[in-house]
Amino acid sequence: MTLQPLTAVNCAGLIQPGFSLLQLDGEVLLFGQKGWPKRSCPTGVFGVRIKSGEMKLRAISFSNDSCYLPPLRCPAVCRLDPYDGLPESYLIHGGRTPNNEISSSLYLLTMDSRGCNRKLTLCCKEKELVGEVPGARYGHTMSIVQSHGKTACVLFGGRSYMPAGERTTESWNSVVDCPPQVFLFDLEFGCSSAHTLPELSDGQSFHLAFAREDCVYFLGGHSLTSDSRLPRLFRLRVELLQGSPLLSCETLETGISISSAIISRTGPTPRYIILGGYQSNSQKRMECSTVILNEKGIHFEPLEAPKWIPDIIHSRTWFGGSAGEGSILLAVPTEGRPSQADMHYFYQVSFQAEGDAKEKEVTQGCSQESTEFDDSTPLEDSEELYFGREPHELEDSSDGEGGNYNEEDEEDESQTGYWIKCCLGCQVDPNTWEPYYSTELHRPAMIFCSRGEEGHWVHAQCMELSETLLLRLSQGSKRYFCHDHGGLPYQEMTPPRQVMSPKRIPMKVKDRKTPPTIKMSPAKKSFFRRLFD
């Protein structure tokens, strides 16, 4: 096994905790980018290539009949292998949007076509569920079970906001564990049913799920009720009988205390590798394990971990995702080092044998919770979104540098982003902030600090502003200086924007033809005048 550092080429700002990894038609896709989809990739899905220690992103197109897919964080992602003539696809449910709203939608993502230059085009459809539909949540899991020739999807766990009737200004952004219900729905008709089992008494999220035939194993997870990561392991068996399904649950004694771990499959057989995750709020799980599923059940075997470097050992958080069989993309934050322009270090962990390790072009992605959403533009569903490409665009594109994502190509969106980066001294965490003013129920109250041509945004709480003063300052077009740049008393009016009146070019009037005139002699004119008189 190897641990190789990676250099993110003009794409490190998009790779943040909360991403998911998808693999379609031999290409691994990165889903759930930071912020709303940007202009160079309005679909928000990227193909990531790793070669010679460099990682590059490439925008992925959607077909014309696709629906809009928001950049969801920590959704439940489940792979559907080809069956009954249906192609390989992915189910995506729930997740958090960049403005911290939690989704309850279910999407089906499939491959639409391959261009003449092997450029991938995806198709996204939203599937409707009827019956007992699972509510909005994130940090949950979905698994596919097969029984008696039928196929169904199992959904379990997750977190959501408190019910609307219980939310106050102080607890507006508080999340709770979803009820420990198991949702079962078929993919053909979209019928959903909820099941309560006595063994599943507490809610859990960011757990691991392994499925084989008619059994699903739930491992670990974090419970907000007890604020613990108990070594729990449940085996859920689903029998898809005629009429109503039959569910049974069993508690096993070989669990592991873990949450937010990374799973990588190591072959066609149900064999997996567990890497990363947390044992407690302040302790990462540095060990690795192999998970084997067979007809006898589930088995765990210790696996030699990579030689961790000091940056990984001393980091408080880490995240990542599976980059194919036996390959994992791992990221750790730089944790406020001013000399580092990027926010994360990236590494590729390979569990392949040394003889089988070859340099390949791999596509990558990440998963887990989000941090901040600076430099992201809140696009509406109808603004600057397109899902298809013209034929000449597919023909002119290639796998070279021209199709790679480049952050420098984007326009400056810092002043229009929903989540704006605050000053270095800010103590407000965008993930766990609680509304301090009534104006912060939807997003933190921020003001713009101007200094020269630059400027940055600061939270009103950092400047100890009252809500009445904040409302007064937010009206009109004024510039303010924070305490670091001179304090609030110094203000100046923003110079009015000079709008050039458009020049109106008069429309060209078509040349009208004059009626033809007949030349007559005076004698003829007098003759005709006497004739008609």
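UniProt positions are given here in the numbering used for this structure, and the annotations may be inferred rather than shown by experiment. With that reservation, the unreviewed UniProt entry lists Cys422, Cys426, Cys449, His456, His459, Cys462, Cys482 and His485 under "binding site". The structure itself is a predicted model, and the features described below were computed from its atoms.

Among the residues listed in the record is Cys426, which is placed in the loop between α2 (391-396) and β31 (446-451). Because its relative accessible area is 15%, and buried means under 20%, Cys426 counts as buried. When neighbours within four places in sequence are left aside, Cys426 is in contact with His459 and Cys462, and both of these residues also appear in the "binding site" list of the UniProt entry.

A second loop position, His140, lies between β11 (130-131) and β12 (141-147). His140 has a relative accessibility of 5% and therefore counts as buried. Its surroundings, not counting residues up to four places away in sequence, consist of Pro75, Ala76, His93, Gly94, Gly95, Leu155, Phe156, Gly157, Gly158 and His207, each of which His140 touches. With one of these residues, His93, the side chain of His140 also forms a polar contact of 3.0 Å, the partner atoms belonging to the side chains of both residues.

Turning to the strands, an open sheet is formed by four strands in the order β18-β19-β20-β21, with antiparallel pairing. Its edges are occupied by β18 (208-212) and β21 (246-251), each of which pairs on one side only, and the twist from one strand to the next averages 20 degrees. Within this sheet, strand β20 (residues 233-239) and β21 run antiparallel and are joined by six bridges; Glu239 stands opposite Leu246 in β21.

Another open sheet, likewise of four strands and with antiparallel pairing, follows the order β22-β23-β26-β27. The edge strands in this case are β22 (262-265) and β27 (297-303), each pairing on one side only, while neighbouring strands are turned against each other by 25 degrees on average, direction ignored. Strand β26 (residues 288-294) pairs with β27 in the antiparallel sense over seven bridges, and in β27 the residue His299 is the bridge partner of Ile292.

Note on methods: Residues are numbered from 1 along each chain as its sequence is written. This is a predicted model: local features need pLDDT of at least 70, side-chain atom pairs count only at pLDDT 80 or more; totals for chains, interfaces and linings use all residues. Side-chain values use heavy atoms; hydrogens and water are left out. Two strands pair if DSSP finds at least two bridges between them. Helices (H or I, at least four residues) and strands (E, at least two) are DSSP runs, numbered from the N terminus. Axes are lines fitted to C-alpha atoms, for helices over the stretch in contact, and angles run from 0 to 180 degrees between N-to-C directions. Buried means under 20% relative accessible area, exposed over 50%, partly exposed in between (1.4 Å probe, protein chains only). A polar contact is a pair of N or O atoms within 3.5 Å; within protein, one must be able to donate a hydrogen and the other to accept it, and residues adjacent in sequence count only if both atoms are side-chain atoms. Contact means heavy atoms within 4.5 Å.
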